[in-house]
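Colleague: I am new to reading models like this one. Could we go through it together?

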Amino acid sequence: MVEMKKEGNIAMEETILQIINDYYEDMEPGQIKLSSRFYEDLDISSMEFFSLVTEIEQEFGIRVSDRDLQKISTVGDVVRMVAEKTGK
């Protein structure tokens, strides 16, 4: 069971990174890290950020509240939030 959870987390992380990479076509895969900060490192606009979150909500069938949004500053924060909301 633990192994399945690990595999699920890896697949989820890869999916999230792919979604984010799609927003940054000029970046090479692997340049975006879990520690990458959306506004400081990736220079994402508020509109792009909300669009990105909406796509992640749709992909994983979750709802991200305004309170959740306030807690997100890095790519890793998104991965942890999705893991919590999906139980993976």
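Modeller: Let's begin with D68, which is buried at a relative accessible area of 13%; buried means under 20%, exposed over 50% and partly exposed in between, using a 1.4 Å probe and protein chains only. This is a predicted model, where local features need pLDDT of at least 70 and side-chain atom pairs pLDDT 80 or more, while totals for chains, interfaces and linings use all residues. Residues are numbered from 1 along each chain as its sequence is written, and side-chain values use heavy atoms, without hydrogens and water.

Colleague: Which side chain meets D68 in a salt bridge?

Modeller: A salt bridge is a side-chain nitrogen of Lys or Arg within 4 Å of a carboxyl oxygen of Asp or Glu. D68 lies in helix α3 (residues 66-70) and its partner in helix α4, so the pair ties together parts 17 residues apart in sequence; helices are DSSP runs of H or I, at least four residues long, numbered from the N terminus. The partner counts as partly exposed, at 37% relative accessibility. At 2.9 Å, N to O, the side chain that meets D68 is that of K85.

Colleague: How far apart are the closest N and O atoms of R63 and E57?

Modeller: R63 counts as exposed, at 60% relative accessibility. E57, in contrast, is buried, with a relative accessible area of 16%. The two form a salt bridge, and their closest N and O atoms are apart by 3.7 Å.

Colleague: Where do D77 and R80 sit, and what separates them?

Modeller: D77 counts as buried at 17% relative accessibility, and R80 as partly exposed at 48%. Their side chains meet in a salt bridge of 2.6 Å, N to O. Both sit in helix α4, three residues apart, so what separates them is about one helical turn.

Key
Helices (H or I, at least four residues) and strands (E, at least two) are DSSP runs, numbered from the N terminus.
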